[in-house]
Amino acid sequence: MQKTALVTGITGQDGSYLAEFLIDKGYQVYGIIRRSSSFNTGRINHIYQDPHEPDPRLKLVYGDLNDASSLNKIMRELHPDEIYNLGAQSHVMVSFDVPEYTGDVTGLGTIRLLEAIREAGIKPKFYQASSSELYGLAQEIPQKETTPFYPRSPYACAKAYAFYIVRNYREAYGFFACNGILFNHESPRRGETFVSRKITRAVTRIKVGLQDKLYLGNLEARRDWGYAPEYIEAMWLMLQQPRPADFVIANGECHTVKEFVEEAFGLLGLDWHKHVEIDPRYLRPAEVDTLVGDSSKAERELGWRPKVQFKELVRIMVEADLELAKKETHMKNYRQG
Ligand code: NAP
Ligand code: F7E
């Protein structure tokens with residue numbers, strides 16, 4: 001029988017790749033979207049809105065992680081076999097500006113989903129998008145499943161609540177619920193205010209003459225950056241195991257923001273010193289200096305290992321954004337007649 005999956009955060013980077021992945025596996029996919037005054041389905045339109053061939057295997061329903069009644073109704077009506085909770089206010093810096101809202105969506109949104117499942121009396125497998133930000137002020141290097149958490153932002157504190165409530169429902173009610181502790185993962189679909197995409201958008205726009213400067217914050221922060229489509233498979237693999245568990249998903253390679261800048265500008269033959277400036281507005285009240293993950297448990301138990309390494313990731317993103325920048329130039333020239 002065809003399996004059904006419900007995805008929160010389907011309009012985001014990961015949600016869009018997960019929708020494609022699950023459709024390829026033969027699932028009927030349901031995605032929860034929020035009402036927005038402008039279109040927010042840009043990352044999934046190619047699946048959902050192809051006028052020649054709209055794909056019936058993806059259906060969108062309105063709902064919100066802040067609205068329990070919408071989640072209750074969705075569970076009662078859809079009875080999904082698997083649920084992937086990817087919805088979140090996911091920007092760390094923004095979480096300092098909207099801490100309560102972030103706690104509500106990213107933290108309490110998870111318990112609303114779990115309670116909606118309980119009230120509907122269904123037993124889906126549940127994936128929670130946990131984050132390497134839980135390690136924050138890292139207590140050991142590299143970080144693995146047993147490394148103590150030390151969250152450093154309202155976002156990370158909200159994710160800590162979600163992590164523990166998922167584990168609690170597993171122990172208290174026997175939920176098949178897993179935390180995927182994913183380290184940073186990027187792609188051409190990454191939001192444009194995260195540092196990787198901010199850099200690749202800027203360097204390509206600089207290359208075609210649409211922009212001259214790139215303003216950044218802390219260039220010394222170190223991250224373990226991986227390629228998002230590969231990380232999606234790990235989410236699914238967790239829910240196919242005989243028992244629920246938590247897993248670190250990471251590349252195991254750590255680079256500074258400065259190295260990302262150097263690599264991206266180097267690919268296009270540009271000298272980053274001429275274009276990059278530091279703007280204190282992008283410095284965080286509390287920084288996470290170094291994250292690097294050890295995903296050997298995932299390799300052992302899920303058979304998962306990453307293939308795309310740092311340089312290849314930067315190249316993929318620069319190439320995709322160069323195409324975008326060229327299109328922008330054509331549009332600009334066209335408008336100017
Ligand atoms: P993203 O691109 O920022 O997408 C976030 C998604 O959440 C969007 O679809 C957004 O909808 C939705 N959302 C926001 N508020 C919501 C609400 N109140 N109700 C329902 N949906 C809501 O994030 P991502 O990079 O794909 O990450 C996916 C998940 O993994 C997030 O939970 C993130 O915190 C977590 N995570 C990400 C990384 C990473 O490196 N990417 C690493 C570890 C964990 P709109 O499109 O309408 O805004
Ligand atoms: O910052 C530094 C910044 O915003 C990375 C989210 O997906 O991954 C993401 O969180 C580093 C930080 O990602 C700028 O200070 C310097 O040290 O790209 P980011 P993040 O904070 O690591 C985790 C795993 C998640 O779970 C989150 O949802 O880059 N940095 N200059 C900058 N960062 C930004 N955004 N903008 C700058 O101008």
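Tutor: A polar contact is a pair of N or O atoms within 3.5 Å. That definition is applied here to a predicted model.

Student: Which polar backbone atom lies 2.9 Å from a nitrogen atom of ligand 1?

Tutor: It belongs to L65, whose polar backbone atom is paired with that nitrogen. The oxygen atoms of ligand 1 can be read in the same manner. One of its oxygen atoms is 3.0 Å from a backbone N or O atom of G12, and an oxygen atom is also 3.1 Å from a polar backbone atom of Q13.

Student: How much of ligand 1 does the protein bury?

Tutor: One starts from the ligand taken alone, which exposes 890 Å². The protein buries 89% of that area.

Student: Which elements give two or more residues to the shell around ligand 1?

Tutor: They are α1 (13-24), α5 (99-120), β5 (125-131) and α6 (154-173). The largest share, 3 residues, comes from β5. The shell has 26 residues, of which T11, R34, D64, S90 and Y155 come nearest. By class, 10 are nonpolar, 11 polar and 5 charged.

Student: Which residues are closest to ligand 2?

Tutor: The closest of its 23 surrounding residues are S90, S131, Y155, R284 and E287. S90 and Y155 were also named among the nearest residues to ligand 1. In the shell around ligand 2 there are 9 nonpolar, 8 polar and 6 charged residues. Both α7 (195-207) and β8 (214-216) supply at least two residues to this shell.

Student: What polar contacts of ligand 2 involve K198, G217 and E287?

Tutor: Side chains and backbone should be considered separately. In the side chain of K198, an N or O atom is 2.7 Å from an oxygen atom of ligand 2. A polar side-chain atom of E287 lies 2.6 Å from an oxygen atom of the ligand. For G217, a backbone N or O atom is 2.8 Å from a nitrogen atom of ligand 2. On its own, ligand 2 has 700 Å² of accessible area, and the protein covers 95% of it.

Student: Let us turn to helix α3. Why does S70 count as buried?

Tutor: The reasoning needs a cut-off: a residue is buried when its relative accessible area is under 20%. S70 counts as buried because its relative accessibility is 11%. This residue sits in α3, which spans residues 68-78. Beyond its neighbours within four places in sequence, S70 is in contact with G63 and D64.

Student: Which other residues of α3 are buried, and what do they pack against?

Tutor: The general idea comes from helix geometry. An α-helix has 3.6 residues a turn, so residues three or four places apart point the same way. In α3, the buried residues are S70, L71, N72, I74, M75 and L78. They pack against β1 (4-8), β2 (28-33), β3 (58-62), β4 (82-85) and α5. Just after the helix, H79 takes a positive phi of about 45°.

Student: Which residues touch the most other members of the largest nonpolar core?

Tutor: Among its 38 residues, they are I10, L22, Y84, Y127 and I249. Helix α8 (residues 228-239) gives the most to this core, with 9 residues. As one case, L22 touches A5, V7, Y27, V29, Y84 and W236, with residues up to four places away in sequence left out of the count. Another core, of 26 residues, lies apart from the largest one and includes I206, V257, F265 and V308.

Key:
Residues are numbered from 1 along each chain as its sequence is written. Chains are lettered from A and ligands numbered from 1 in the order in which they are written. This is a predicted model: local features need pLDDT of at least 70, side-chain atom pairs count only at pLDDT 80 or more; totals for chains, interfaces and linings use all residues. Side-chain values use heavy atoms; hydrogens and water are left out. A residue is near a molecule or strand if one of its heavy atoms lies within 4 Å of it. A polar contact is a pair of N or O atoms within 3.5 Å; within protein, one must be able to donate a hydrogen and the other to accept it, and residues adjacent in sequence count only if both atoms are side-chain atoms. Accessible areas come from the Shrake-Rupley method with a 1.4 Å probe; for residues, only the protein chains shown count as cover. Helices (H or I, at least four residues) and strands (E, at least two) are DSSP runs, numbered from the N terminus. Ala, Val, Leu, Ile, Met, Phe, Trp, Tyr, Cys and Pro count as nonpolar, Asp, Glu, Lys and Arg as charged, and the others, Gly among them, as polar. A nonpolar core is a set of buried Ala, Val, Leu, Ile, Met, Phe, Trp, Tyr and Cys residues joined through side-chain atoms within 4.5 Å. Buried means under 20% relative accessible area, exposed over 50%, partly exposed in between (1.4 Å probe, protein chains only). Contact means heavy atoms within 4.5 Å.
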